[in-house]
Amino acid sequence: MGELARSCPKPLLKVNNSPVILHQINYMKQLGINNVIVVIGYLGEMIKKYLGDGSKYGMRIKYVRQEERLGIAHALGQLEELIKGPFMLFLGDIFFLPRDLSQMLKIFYQKNASAVLAVKLEKNPQEIQKSFAVLLHESGRVRRIIEKPRFIPTERKGCGIYLFDTIVFDMIRQTPRTAMRDEYEISTAVQKLIDSGYPVYDAEVIEWDINITFPEDLAKCDEEIIKHVIDQ
Amino acid sequence: MADKVSGVILASDVDERMDQFKINIPRGMLEVGGKPILQHQIELMKGVGVKDFVFMVSFKKELIEEYFGDGKKLDVNIRYVEQKKSLGIAHAVGQLEKYCDSPFILSLSSIFLLAKDFRQLIELAEHRNAPVSLAVQNSSDPNFSEFHFGVILHPDNRVKRIAEKPRYIMSNLKGCGIYYFDPVIFDAIRRTPRTAMRDLYEITDSVQILIDDGFPVYYAEVIEWYKHINSLKDLEICREKYASIQ
């Protein structure tokens, strides 16, 4: 991210004049969510200062400081005490345009799922390679997720947007660190859910998404918003 | 050949055994028969068509880089990547994903070996469409004491199980740490957990993940003799062995 990220944490970068994280909080609000926990690290005080306690958005926002960078599964594990029921997990550096996130909740409750993964149907394999592939059983359940796959047997791209039951914390307790990044990966925890027999489903709810990495990515986000609004 | 095979040599000497081995040059630069071990390995791989090499370096890397440069002297291409952490071979290889778009032979600069029909390591994998083949020595010596991993086979000669430093002899096949890998190994590395014995990411665990996923893995008996060099005595043994066959 270079100069851009040194002065401003990614979640505060603006898309359509509003920080990425505020877009995300608004999506959550539309789903009927009132309580949000923001895990902050580098430059996190700026996020805290910007969003405050959330009351100006009609939300309650709590902050947890991530002391060690050991991967998303580890970061999430630190929140167990604060989370008492199903919850959505968003990553603050991913900007996305949702189709209808409430589908995730619907699938979660109708199928009695332990996790629902937001996916986008993606024709370009290189895009899937940057994220993860989602493979399904004939039953429609998720059978396997493959992080940054080399061979891509599907068009289902996982987007880093999850709905979890609290059972995921039991999986996080069993999640090993893995070799590529020496981190505790959330994908390892999700695969543990699947392998332990918990029902995991996907939901095609993402219109467009991007992991913000380069300054020009922000312009792409603005463009997509305009397209999206016109399409509707 | 389906894809061009490249060579990856881990020459970083970052492991703790170096402390006991008080010489001040990387093991790959130790000379046997008047030339560095690394050069023996380059020549071995070059003999089976490998032109492009990636060296992972760290300890006294300037000695290696000065000697081999970009590889032109030996009519090969060498790129250097610095190893930043010492977390096991699976982790080290994982850091090379962006340099390895095609199959590669993995070797360690701490191994001195005498090979036979080394080409088989590649050909077996290619003919059988296998993502991995393991270079092994076939030895029935009950006192075989070299560092190795054990191999257990399916009836059809596919590898069923490999185990690092087995306590009991598993079979006559001794894996020495040289492999042929398709880049699919990186998908397995992403899922490889750190294990308790050495608190490291072991490449043998990555291979077992591929086997458990149903990929065919084969072995090739291409090693006549090998030694992991961990002391000056080991080096002497290698020099004697090499002299005896000249």
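Helices (H or I, at least four residues) and strands (E, at least two) are DSSP runs, numbered from the N terminus.

This is a predicted model in which local features need pLDDT of at least 70, side-chain atom pairs count only at pLDDT 80 or more, and totals for chains, interfaces and linings use all residues. Residues are numbered from 1 along each chain as its sequence is written, and side-chain values use heavy atoms, with hydrogens and water left out.

**Exercise 1.** Let's describe the fold of chain A, starting with its secondary structure.

*Solution.*
- Step 1: chain A has nine helices and twelve strands.
- Step 2: its C-alpha trace spans about 45 × 40 × 35 Å along the principal axes.
- Step 3: of its 232 residues, 51% count as buried, where buried means under 20% relative accessible area with a 1.4 Å probe, protein chains only.
- Step 4: take contacts (heavy atoms within 4.5 Å) between residues at least 6 apart in sequence; in chain A, 70% of them join residues at least 24 apart.

**Exercise 2.** Now place S107(B): is this residue buried or exposed, and what does its side chain meet?

*Solution.*
- Step 1: find S107(B) in strand β6 of chain B, residues 104–108.
- Step 2: S107(B) is buried, as its relative accessible area is 2%.
- Step 3: the side chains of S107(B) and Q41(B) share a polar contact of 2.7 Å (a pair of N or O atoms within 3.5 Å; within protein, one must be able to donate a hydrogen and the other to accept it, and residues adjacent in sequence count only if both atoms are side-chain atoms).
- Step 4: beyond neighbours within four places in sequence, the residues in contact with S107(B) include V8(B), M45(B) and I178(B).

Notes:
Chains lettered and ligands numbered in written order. Buried < 20%, exposed > 50% of the residue type's maximum accessible area, 1.4 Å probe, protein only.
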